[in-house]
Amino acid sequence: MPVEVTWWGHATCTVEDSGVRVLTDPLFVRRLAHLRRRRGELPPPEAARAEAVLVSHLHSDHLHLPSLARLAPGTRLLVPRGAARSVPALKRLTDRAGLRITEVGPGDEVQVEDLVVRAVPALHDGRRLPLGPHRSPALGYVISGEARTYFAGDTGLFDSMADEVGPVDVALLPVGGWGPYLGHGHLDAGRAAQALASLAPRAAVPVHYGTYWPIGMDGIRPHEFYAPGEEFVRKAARLAPQVAVHRLGHGERVRPEAAR
């Protein structure tokens with residue numbers, strides 16, 4: 001399983017498989033609205049190099065236009081169906097930056113060189129907040145090449161998750177958030193461990209925690225910022241002991257099979 005995963009922080013990962021680089025939900029800024037990056041250096045310029053970029057939903061910490069503007073012309077951009085209509089600036093950006101945009105929904109497959117990327121459902125409010133219409137689904141993606149890697153995006157736990165995702169080798173699962181409370185449609189460390197037991201991959205990497213936090217809230221429930229990664233490792237060991245869990249630092253990478 002020669003896939004290599006790099007975690008840049010939040011939901012931003014590079015998955016390299018079969019010599020093809022796929023980037024997820026790029027967020028390359030130190031501050032976004034009321035959030036600031038509290039841990040890890042900003043991703044280096046190389047993080048923006050990819051053959052394809054996967055956007056899971058329209059929230060501004062996942063569909064971040066200034067970060068997408070850093071992509072090289074010709075980069076393939078997969079976004080939820082209806083995204084260009086819901087976020088008109090996205091179409092203007094992709095035209096100006098020379099990106100190749102493809103809108104997808106659950107079940108759609110897109111060939112990216114030697115890889116096949118399949119969109120799968122997610123349980124999350126995928127609209128552009130705070131007032132965007134419900135036009136676009138939240139998605140996860142399965143990247144299939146020499147391995148099958150599931151990027152969950154933002155999602156809650158739902159009964160058909162394992163059936164919708166199918167067999168995978170590596171799971172990139174959100175285990176936290178960017179504030180002191182997680183609302184509906186999110187995985188905390190415990191629910192992420194339950195998802196892991198259901199999905200039964202060979203390896204997992206926890207993401208979407210320990211990066212951004214609201215300004216001025218450093219002292220409010222700080223364990224919600226620091227703890228989810230370690231808590232996920234503990235709970236996964238109990239609920240899914242057959243899965244190798246790799247808790248990465250920002251900018252760290254792993255070849256899950258080689259690290260077992």
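Colleague: Glu 230 first. Is it buried, partly exposed or exposed?
Modeller: Partly exposed. In this predicted model, Glu 230 has a relative accessibility of 42%.

Colleague: What does Glu 230 form a salt bridge with?
Modeller: Arg 247. The closest N and O atoms of Glu 230 and Arg 247 are 3.6 Å apart.

Colleague: Where do those two sit in the chain?
Modeller: Glu 230 is in helix 7, which covers residues 228-239. Arg 247 is in the loop between strand 16 (244-245) and strand 17. The two are 17 residues apart, and the pair links distant parts of the chain.

Colleague: And Arg 247, buried or exposed?
Modeller: In between. Arg 247 is partly exposed, at 41% relative accessible area.

Colleague: Staying in helix 7, which side chain meets Lys 235 in a salt bridge?
Modeller: Glu 231. The N to O distance is 2.9 Å. Lys 235 and Glu 231 are both in helix 7, four residues apart, which is about one turn of the helix.

Colleague: How accessible are Lys 235 and Glu 231?
Modeller: Lys 235 has a relative accessible area of 28%, so it is partly exposed. Glu 231 is at 25%, so it also counts as partly exposed. The cut-off for buried is under 20%.

Colleague: How many salt bridges does the count come to?
Modeller: The count comes to 11 salt bridges.

Colleague: Which residues are linked in a network of them?
Modeller: Glu 4, Glu 46, Arg 253 and Arg 255. Within that network, Arg 255 forms a salt bridge with Glu 4, with the closest N and O atoms 3.3 Å apart. Glu 4 lies in strand 1 and Arg 255 in the segment after strand 17 (253-254), so the pair ties together parts that are 251 residues apart in sequence.

Colleague: Is Glu 4 buried or exposed? And Arg 255?
Modeller: Glu 4 is at 17% relative accessibility, so it counts as buried. Arg 255 is at 48%, so it counts as partly exposed.

Colleague: Strand 1, then. How does it pair with strand 2?
Modeller: Antiparallel, over five bridges. Strand 1 covers residues 4-9. Val 5 has Val 15 of strand 2 as its bridge partner.

Colleague: How many residues lie between strand 1 and strand 2 in the hairpin?
Modeller: Two. His 10, in the turn, has a positive phi of about 55°.

Colleague: What about strand 2 and strand 3, parallel or antiparallel?
Modeller: Antiparallel, again over five bridges. Strand 3 covers residues 20-24, and its Arg 21 stands opposite Glu 16. Strand 2 and strand 3 also form a hairpin with two residues between the strands. Ser 18 takes a positive phi there, near 60°.

Colleague: Why is strand 2 largely enclosed by the rest of the structure?
Modeller: Because five of its six residues are buried. Strand 2 covers residues 12-17.

Colleague: Another sheet now. What order do the strands take in the open sheet of three strands?
Modeller: The order is 4-5-15, with antiparallel pairing. Strand 4 (31-32) and strand 15 (212-214) are the edge strands, each pairing on one side only.

Colleague: How many bridges are there between strand 4 and strand 5?
Modeller: Two, in the antiparallel sense. Strand 5 covers residues 35-37. Leu 32 has Leu 35 of strand 5 as its bridge partner.

Colleague: Back to helix 7. How does helix 5 cross it?
Modeller: At roughly 40°, with the axes coming within 8 Å. That makes helix 5 oblique to helix 7. The crossing is right-handed.

Colleague: Which residues make the contact?
Modeller: From helix 5, they include Ala 189, Gly 190, Ala 193 and Leu 196. From helix 7, they include Pro 228, Phe 232, Ala 236 and Leu 239. Glu 231 and Lys 235 are also in the contact, and those two share the salt bridge at 2.9 Å.

Colleague: Last one. Is Glu 109 buried or exposed?
Modeller: Exposed. Glu 109 is at 56% relative accessibility, and the cut-off for exposed is over 50%. Its place is in strand 9, residues 109-112.

Colleague: What does Glu 109 touch, leaving out residues up to four places away in sequence?
Modeller: Val 116, Val 117 and Arg 118.

Colleague: And how far apart are the C-alpha atoms of Glu 109 and Leu 27?
Modeller: They are separated by 24 Å. Along the chain, Glu 109 and Leu 27 are 82 residues apart.

Terms used
Residues are numbered from 1 along each chain as its sequence is written. This is a predicted model: local features need pLDDT of at least 70, side-chain atom pairs count only at pLDDT 80 or more; totals for chains, interfaces and linings use all residues. Side-chain values use heavy atoms; hydrogens and water are left out. Buried means under 20% relative accessible area, exposed over 50%, partly exposed in between (1.4 Å probe, protein chains only). Two strands pair if DSSP finds at least two bridges between them. A salt bridge is a side-chain nitrogen of Lys or Arg within 4 Å of a carboxyl oxygen of Asp or Glu. Axes are lines fitted to C-alpha atoms, for helices over the stretch in contact, and angles run from 0 to 180 degrees between N-to-C directions. Angles under 35 degrees count as roughly parallel, over 145 as roughly antiparallel, 65 to 115 as roughly perpendicular and the rest as oblique. A crossing is left-handed if the near helix is turned anticlockwise from the far one by less than a right angle, and right-handed if clockwise. Contact means heavy atoms within 4.5 Å.
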